[in-house]
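I opened the notebook today to look up the charged pairs and the cysteine links, and to see where each partner sits along the chain. The entries follow in the order in which I went through them.

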Amino acid sequence: QVQVVESGGGLVQSGGSLRLSCTTNGYTLNYYALGWFRQAPGKEREGVSCIDESGGSTVYADSVTGRFTISRDNAKGTLYLQMNNLKPEDTAVYFCAAEVRYGPVRASFCFDEDEYDNWGQGTQVTVSS
């Protein structure tokens, strides 16, 4: 199984920006659809965004649409999540997930945790008001 590792979390003020990254332990990500999930304290994990193996198809949760951008660089084996105009309610541990899958992604796949077999340990994002 591919192992993924998140980085880039931290503490930021409301309205600020962060860019999260997700890399692998040497495996190519070219055959994987990739997703970002988050889990806030006391809440269930929720899907944030996902991207198909080519980078041509993306899906976003309503709560982050227009503020977050998912992208990938297959040559570098890296997934990104650019987060702008952060809000205190974005505070959570953010997880990267990967699954072998081809073709455009849809919300039914994107936000279903059971669709993904490979998960990172998460990176903490804290947004202060």
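Entry 1. I began with Glu46, which in this predicted model is partly exposed, with a relative accessible area of 37%. I then looked up its salt-bridge partner and found Arg38, the two side chains meeting at 2.7 Å from N to O. Arg38 has 5% relative accessibility and therefore counts as buried, the cut-off being under 20%.

Entry 2. I followed Arg38 further and noted a salt bridge with Asp90, where the closest N and O atoms are 2.9 Å apart. This pair links distant parts of the chain, since Arg38 belongs to strand S4 (residues 32-39) and Asp90 to the loop between strand S8 (78-83) and strand S9 (92-100), with their positions 52 residues apart in the numbering. I recorded both Arg38 and Asp90 as buried.

Entry 3. From Asp90 I went on to Arg67, whose side chain meets that of Asp90 in a salt bridge of 2.7 Å, N to O. Here too the pair links distant parts of the chain, with Arg67 in the loop between strand S6 (58-60) and strand S7 (68-73), Asp90 in the loop between S8 and S9, and the two residues 23 apart. Arg67 and Asp90 are both buried.

Entry 4. Which residues are linked in a network of salt bridges? I wrote down Arg38, Glu46, Arg67 and Asp90. The structure holds four salt bridges, and I have described those of this network here.

Entry 5. I turned to the cysteines and found two disulfides. One joins Cys22 to Cys96, with an S to S distance of 2.0 Å, and the torsion about its S-S bond is about -70 degrees, so I noted it as left-handed. Cys22 lies in strand S3 (residues 18-24) and Cys96 in strand S9, 74 residues apart, so that the pair links distant parts of the chain. Cys22 is buried at a relative accessible area of 0%, and Cys96 likewise counts as buried at 0%.

Entry 6. The other disulfide is formed by Cys50 and Cys110, their sulfur atoms 2.3 Å apart. Its S-S torsion is about -140 degrees, so this disulfide is left-handed. I placed Cys50 in strand S5 (residues 46-51) and Cys110 in helix H1 (residues 107-110), 60 residues apart. Cys50 counts as buried at 0% relative accessibility, and Cys110 counts as buried at 0%.

Entry 7. Counting the bonded cysteines along the chain, I recorded the disulfide pattern as 1-3, 2-4.

Key. Residues numbered from 1 in each chain as written. Predicted model: local features only at pLDDT ≥ 70, side-chain atom pairs only at ≥ 80, totals over all residues. Heavy atoms only, no water. Buried < 20%, exposed > 50% of the residue type's maximum accessible area, 1.4 Å probe, protein only. Helix = DSSP H or I, 4+ residues; strand = E, 2+ residues; numbered from the N terminus. Disulfide = S-S within 2.5 Å.
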